[in-house]
Amino acid sequence: MIALLVALLVSLVWMPVVALAETPTVTGSPEQTSMRTAPLTIEEVLARIELTHPLIRATGLERAQARAKVLKALGAWEPKLKNEVEVDRYQTWNLTNVQGVPNTLVAAYNDTMLKVGHPYGFNIFGGIRHGFGDRATLTGAGAIPRSPVGGPVAFPEDLELFYPQQMLIVGGAFNLLRGFMINDEFAEFQQAELAGPLAEVKVAQTRQDLFLAGAVQYWDWQLAVKQAEVQRQALEVAEARFAQVDGQAKAGLVSPLDVVEAGQEVQRRREAAITAQRKVELEQYKLSLFLWENGEPTTPRPEWAPEFGGETPLPTQDEIAEAKVAAREDRPEVRKLAIDVQMNNIDLKLAKNKLLPKLELEGGRSVGGIYWIGGFGYRVGTVLSMPLFNREARGKVAHAEAEQERLTYDLWNAEQKVSLDVDNWVSAIVRARDRVKAATEAYQLAQTLLAGEQKRFDMGITSLLFVNLRERNAVEAAYELYQAQYDYDLARGGYLWAKGALSKPVPDNILAKYGDPATAAGLSGRKLQGRD
């Protein structure tokens, strides 16, 4: 019985092993999941988030919405095929008929044209006009009633095509001041083009949030499992000792009070083990929200929890400097503010352009029988307008300038913040490493005290109370050691978050271990090859 008790005590005071987990196998169907024995690593957790998590897939649809915004903005200059038919009935008395005899005549045309706009603020059109009705051309071609050859009222004949009543029509309009190269439609298009990078930032933000939350939850689950193992082993030791003391009491070797004390310790440790087991179940259910398989969360088993990783080299000063640069470039918070600055700069340019007068030049073929039937085939005009005080434009400029300054301050603050985040998590790594060393030494001392107390108990020179106290101290030291190892892994993960590494997708060679990278949730909404 003494040998059994010693063996159980040795199992209680085990030193948490510092080792790296092996490459895991793929979590498959429920049958395969139940048969799995390989540990669940942080690499697999992040890979499964990238492959299957629905929130990344949902955010990826921002890419499709960004392409839709570009298409909508391009609609402002969509080529338009237009066909117009006009029929005019008029009399030629006292104006075009030299004999003074009124004539009721019909003049008509059919215009087929293509209108094309340009982002720089001009649009042109070109097409074909077919004239028909009662009048002739200026050269006298065509049979008409009561019309002299070469009469003054007829179809214009320049740009003639295949017959006298068919001609080319061209025209357009140009913004010379306000609206030239900078206008509402072009500004909307430029901002729509920034929607694509903004969508990628939102995907990166979602990925970063999920990776960080998934990693923290993974370590919470790992810590809960390891601490539950400590409580379970402590309970087994207490149950074995209770059986031993109970046998000795029946033989009259110890007091019956020792049996009561041993039983009380069993109940205390059983309660602690139940509480620890509930903690494990809670953490594994929360972790399952990051492990999706076939459209459903997969609940990890306690036996999948590996040991905490070993110590890694601290970042050098050069690596820390590079991490700060990477943080300013890769952190989604900074990238979003940089895009906001670009969008507001477009608004600012547009607002300043509206301070200019509106001067539009337009020209082309005349429309309407009263104009072109009489030989007036062209029109050219300019429109100049400007509000007297231009308060709206000045207000928009003032607002955009203030917004630009505010965003600049926000961007500067965000860049400083991410740099401090790097320093903060480097400090956390250093202190957590020191804490692991201190907790390891404390655990070794608790182990030594427990071993000595056990020998004294075997020799009968100490009481069961002191043995229980030493065991509780060993359990607490194991708890603290696991907590320190947890904090160390958390600090290393925080360092990756601080420099923006968690915003990037998991490499394809790692994703291929757990699924098909081509169907990863992180690719959701990505534009495929070919035209829309």
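**Contacts and exposure in a predicted model**

Guide: D246 is partly exposed, its relative accessible area being 23%. The model under discussion is predicted.

Visitor: Why is D246 called partly exposed?

Guide: The class of partly exposed residues runs between the buried limit of under 20% and the exposed limit of over 50%. The value for D246 is 23%, so D246 is placed in that class.

Visitor: What makes K250 exposed?

Guide: K250 has a relative accessible area of 69%. Exposed requires over 50%, so K250 qualifies.

Visitor: How do you know that D246 and K250 meet in a salt bridge?

Guide: The N to O distance between their side chains is 3.5 Å. The criterion asks for a Lys or Arg nitrogen within 4 Å of an Asp or Glu carboxyl oxygen, so the pair satisfies it. Both residues belong to helix α5 (residues 184-250), where a spacing of four residues puts about one helical turn between them.

Visitor: Why is the contact of K336 with D340 also called a salt bridge?

Guide: The closest N and O atoms of K336 and D340 are 3.1 Å apart. That is within 4 Å, so the name applies. The two residues lie four apart in helix α8 (residues 332-353), about one turn of the helix.

Visitor: Is each of K336 and D340 buried, exposed or partly exposed, and what are the values?

Guide: K336 is partly exposed at 38%, whereas D340 is buried at 18%. The value for D340 is under 20%, so D340 counts as buried.

Visitor: Which residues are joined into one network by salt bridges that share partners?

Guide: The network consists of R241, E265, R268, R269, E471 and R472. A search of the whole structure finds 37 salt bridges.

Visitor: Which parts does the salt bridge of R48 with E293 tie together?

Guide: R48 lies in helix α3 (residues 42-52) and E293 in strand β5 (residues 292-293), so their pairing links parts 245 residues apart in sequence. Their closest N and O atoms are 3.3 Å apart, and both R48 and E293 are buried.

Visitor: Why is the aromatic pair of W77 and F189 called edge-to-face?

Guide: The angle between the ring planes is 85° and the centres are 5.7 Å apart. Pairing requires centres within 6.5 Å and edge-to-face requires over 60 degrees, so both conditions hold. W77 is in the loop between α4 (54-74) and β1 (80-91), and F189 is in helix α5, so the pair connects parts 112 residues apart in sequence. Both rings belong to buried residues. W77, Y120, F186 and F189 form one aromatic cluster.

Visitor: How do you know that R331 lies over the face of W497?

Guide: R331 is 4.2 Å from the ring centre of W497. The distance limit is 6 Å, so the distance condition is met. In another case, the charged end of R129 sits over the ring of Y109, 4.5 Å from its centre.

Visitor: What makes L177 partly exposed?

Guide: The relative accessibility of L177 is 34%, between 20% and 50%, so the term fits. L177 is in the loop between β4 (166-175) and α5, and is one of the residues of a nonpolar surface patch with about 670 Å² of accessible area together.

Note on methods:
Residues are numbered from 1 along each chain as its sequence is written. This is a predicted model: local features need pLDDT of at least 70, side-chain atom pairs count only at pLDDT 80 or more; totals for chains, interfaces and linings use all residues. Side-chain values use heavy atoms; hydrogens and water are left out. Buried means under 20% relative accessible area, exposed over 50%, partly exposed in between (1.4 Å probe, protein chains only). Patches are made of residues with over 30% relative accessible area and no salt bridge: like charges are joined within 9 Å, nonpolar side chains (Val, Leu, Ile, Met, Phe, Trp, Tyr) within 5 Å. Accessible areas come from the Shrake-Rupley method with a 1.4 Å probe; for residues, only the protein chains shown count as cover. Rings of Phe, Tyr and Trp (its six-membered ring) pair if their centres lie within 6.5 Å; planes under 30 degrees apart count as stacked, over 60 as edge-to-face and the rest as tilted. A charge sits over a ring if NZ of Lys or CZ of Arg is within 6 Å of the ring centre and within 35 degrees of the ring normal.
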